[in-house]
Amino acid sequence: MSKSAFDKIEAGLNDALDYARNSSLKPSNFHIGMEFEVNGGTFRCTDVGTRTVVAIRIDPVEITTKHSDGTVTNAVLSRAEAENAGWFNGPPYALAELVFDEDDLQAHFRINSGKP
C-alpha cells in the first residue's frame, strides 16, 4: 500500500474516532421501536423521556421461571424464539424494561437505520 493511500485511511479513521468521541447521544436520538446494541446484547426502545431511554433486551433473552413446586428453571432464547413466544408483546412487557440515563447512552450505538 502506498504511503498516500495509508495516510488517507489513517485520516479517515482519525475523523471517525474524533466524531465518536465528540458525539453525544441524547434521548432525543432514540425513538420507540429503535434497536441498539449494548455490551453484546440487542435492545429495543420502548419509551423515551427527557433524560432517559427505556428498553427491553431482545437478543439473547434470559428467562427464569419459578414453578408451583418451588423449582426454578433458566432458559436462554434467541430473538426469533422469544418473538414467536410473544415475549416482546407490550406494553406491558413480559420482560423487564431497563432504564438508561444520559450517562449510560455514551456506550450505545444504533443498529437500525431508521430516523429517530
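**Exercise 1. The β4–β5 hairpin.** Find which residue in the hairpin of β4 and β5 takes a positive phi, and work out how the two strands are joined.

*Solution.* Start in the hairpin, where 5 residues sit between the strands: G70 is the one with a positive phi, near 95 degrees. A word on what you're looking at: this is a predicted model, so local features need pLDDT of at least 70 and side-chain atom pairs count only at pLDDT 80 or more, while totals for chains, interfaces and linings use all residues. Residues are numbered from 1 along each chain as its sequence is written, and side-chain values use heavy atoms, with hydrogens and water left out.

Next, the strands. β4 covers residues 61-66 and β5 residues 72-77; they run antiparallel, with 6 bridges between them. (Strands are DSSP runs of E, at least two residues, numbered from the N terminus; two of them pair if DSSP finds at least two bridges between them.) Now pick a position: across from I63 you'll find A75 in β5.

**Exercise 2. An arginine in β2.** Is R44 buried or exposed, and what does R44 touch?

*Solution.* First place R44: it belongs to strand β2, residues 41-48. Then check its relative accessibility, which is 17%, so R44 counts as buried (under 20% relative accessible area is buried, over 50% exposed, in between partly exposed, with a 1.4 Å probe and protein chains only). Finally, list contacts (heavy atoms within 4.5 Å). Leaving out residues up to four places away in sequence, R44's partners include M34, E35, I56, R79, E83 and F88.

**Exercise 3. Core and rings.** Which residues make up the largest nonpolar core, and which ring pairs link F30, F36, F43 and F100?

*Solution.* A nonpolar core is a set of buried Ala, Val, Leu, Ile, Met, Phe, Trp, Tyr and Cys residues joined through side-chain atoms within 4.5 Å. The largest has 10 residues: F30, M34, F36, V38, F43, C45, V53, A55, F100 and L105. β1 (35-38), β2 and β3 (52-59) each supply at least two of them. A separate core of 8 residues includes I56, I63, L77 and F88.

Now the rings, which pair if their centres lie within 6.5 Å (planes under 30 degrees apart are stacked, over 60 edge-to-face, the rest tilted; Phe, Tyr and the six-membered ring of Trp count). That gives 4 aromatic pairs. F30 and F36 are edge-to-face, 5.2 Å centre to centre with 80 degrees between the planes. F43 and F100 are also edge-to-face, at 5.5 Å and 90 degrees. This second pair links distant parts of the chain, 57 residues apart: F43 in β2 and F100 in β6 (residues 98-101).

Technical notes: Helices (H or I, at least four residues) and strands (E, at least two) are DSSP runs, numbered from the N terminus.
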